[in-house]
Amino acid sequence: MGAGHNHTPAGTGESRMIPRMVVAAAILAAFFVVELATSLLINSIALLADAGHMLTDVVAVFMGLAAVTLARRGSASPSRTYGWYRAEVFTAVANAGLLIGVALFILWEAIQRLRETPSVPGVPMIVVALAGLLANLVVALMLRSHSAASLAVKGAYMEVVADSVGSLGVLIAGVVTVTTRWPYADVAVAVLVALWVLPRAIALARDALRILSEASPAHIDVDELRSALGAVDGVTEVHDLHVWTLSPGKDMCTAHLTSDGDSARVLADARAVLSQRGLDHATVQIEGPGRDCSGF
């Protein structure tokens, strides 16, 4: 009988994540103030929508920064054996909820403005939208390389990308307003940006909730994995196979294997099966014939 545990340490790229997020938050916060002040001065709902999305960017980056810091520095304890790895998943849920809320608010405001469309000057919209677009592109490039490794950073990155589209929309609305004087350009862009953001926010929430519910990772076929472990020479039965995601990039697995062969060899072969499927953080229990390994 034997048990095995295998864990691969996190990559060194995380050390560059926090300084980039701090700079990104500072850039976004500065441009949020500019966009909000301008939108209120010229009464532009499209620019207000973009400012709202910029605010969610700032909040997302700050929450992501807190989550990543906790995940890296928060040590495990008897009451929290995995430390703070799940913090970034909760952050992603909050980010998604914030995005959905802002999008719905902008849709509501746009509907109200259809009754009485105010006159909005196009030139200030163009100038501020260009500055906001530049800020978003810079921040997106800073976060892109880390978005695959952290759901919190992915949420912030998605919001920045969405806001870039919003800034582009405001820019188009400003140009249309200046060249054609069409009074609905501002409202139309605000609606389009909100409708573009909603499905992406819902997708982010779905990914985060999938992790929180401890569903098996989408890329792991649990039935196939069970068969592969059962095919290991000496294994007669596979019990209590559980696969879940602790945080993005950290898939976990536990399994009990009944074996009539050499425990050390069976353990090594089982580890190899799991490693081939990216399950490097796994706990495998080898039980001899006749032992009751049943569980839930």
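**Figure 1. Helix α7 passes helix α8 in a right-handed crossing.** The view is taken from a predicted model. Leu225, Ala228 and Leu229 of α7 form the contact with Ala270, Val273 and Leu274 of α8. By class, the residues of this contact of α7 with α8 are 6 nonpolar, no polar and no charged. Two packed helices are described by the angle between their axes and the distance between the axes. For α7 and α8 (residues 263–276), the angle is about 155° and the axes are 10 Å apart. Angles over 145 degrees count as roughly antiparallel, and α7 and α8 are therefore roughly antiparallel to each other.

**Figure 2. Overview of the chain and its secondary structure elements.** The chain has 8 helices and 4 strands. Read from the N terminus, the order of elements is β-α-α-α-α-α-α-α-β-β-α-β. The chain has 296 residues, and 47% of them are buried. Of the contacts between residues at least 6 apart in sequence, 77% join residues at least 24 apart.

**Figure 3. Spans listed by UniProt as "transmembrane region".** The unreviewed UniProt entry lists residues 21–42, 54–71, 92–111, 123–143, 155–176 and 182–203 under this name. Two of these spans are described here. Residues 21–42 are 100% helix and 0% strand, and the C-alpha atoms at the two ends of the span lie 31 Å apart. Residues 182–203 are 86% helix and 0% strand, with 34 Å between the end C-alpha atoms.

**Figure 4. Packing of helix α1 (residues 17–42) with helix α4 (residues 122–144).** The two axes come within 10 Å and cross at roughly 165°. That angle makes α1 roughly antiparallel to α4. The crossing in which α1 passes α4 is left-handed. On the α1 side, the contact is formed by Arg20, Met21, Val23, Ala24, Ile27, Leu28, Phe31, Val34, Glu35, Thr38 and Ile42. These residues of α1 meet Pro124, Met125, Val128, Ala131, Gly132, Ala135, Asn136, Val138, Val139, Met142 and Leu143 of α4. The contact of α1 with α4 has 17 nonpolar, 3 polar and 2 charged residues.

**Figure 5. Surroundings of Ile126 in helix α4.** Leaving out neighbours within four places in sequence, Ile126 is in contact with Leu171, Gly174, Val175 and Val178. Ala173 is 47 residues from Ile126 along the chain, and the C-alpha atoms of Ile126 and Ala173 are separated by 8.1 Å.

**Figure 6. Asn43 and Glu214, two residues with positive phi.** Most residues other than glycine have a negative phi. Asn43, which is not a glycine, has a positive phi of about 60°. Asn43 is placed in the loop between α1 and α2 (45–73). With a relative accessible area of 35%, Asn43 is partly exposed. Glu214, also a residue other than glycine, has a positive phi near 60°. The loop that holds Glu214 runs between α6 (185–212) and α7 (222–230). Glu214 is partly exposed, at a relative accessible area of 47%.

**Figure 7. Gly234 in the loop between α7 and β2 (235–247).** Buried residues have a relative accessible area under 20%, and Gly234, at 14% relative accessibility, counts as buried. Not counting residues up to four places away in sequence, Gly234 touches Thr258, Ser259, Asp260, Gly261, Arg265 and Val266. One of these residues, Val266, is 32 residues from Gly234 along the chain, and their C-alpha atoms are separated by 6.6 Å.

**Figure 8. His256 in strand β3 (residues 250–259).** His256 counts as partly exposed, at 25% relative accessibility. His256 and His239 are 17 residues apart in sequence, while their C-alpha atoms are 4.9 Å apart in space.

Note on methods. Residues are numbered from 1 along each chain as its sequence is written. This is a predicted model: local features need pLDDT of at least 70, side-chain atom pairs count only at pLDDT 80 or more; totals for chains, interfaces and linings use all residues. Side-chain values use heavy atoms; hydrogens and water are left out. UniProt positions are given in the numbering used here, feature names are shortened, and annotations may be inferred rather than shown by experiment. Axes are lines fitted to C-alpha atoms, for helices over the stretch in contact, and angles run from 0 to 180 degrees between N-to-C directions. Angles under 35 degrees count as roughly parallel, over 145 as roughly antiparallel, 65 to 115 as roughly perpendicular and the rest as oblique. A crossing is left-handed if the near helix is turned anticlockwise from the far one by less than a right angle, and right-handed if clockwise. Contact means heavy atoms within 4.5 Å. Ala, Val, Leu, Ile, Met, Phe, Trp, Tyr, Cys and Pro count as nonpolar, Asp, Glu, Lys and Arg as charged, and the others, Gly among them, as polar. Buried means under 20% relative accessible area, exposed over 50%, partly exposed in between (1.4 Å probe, protein chains only).
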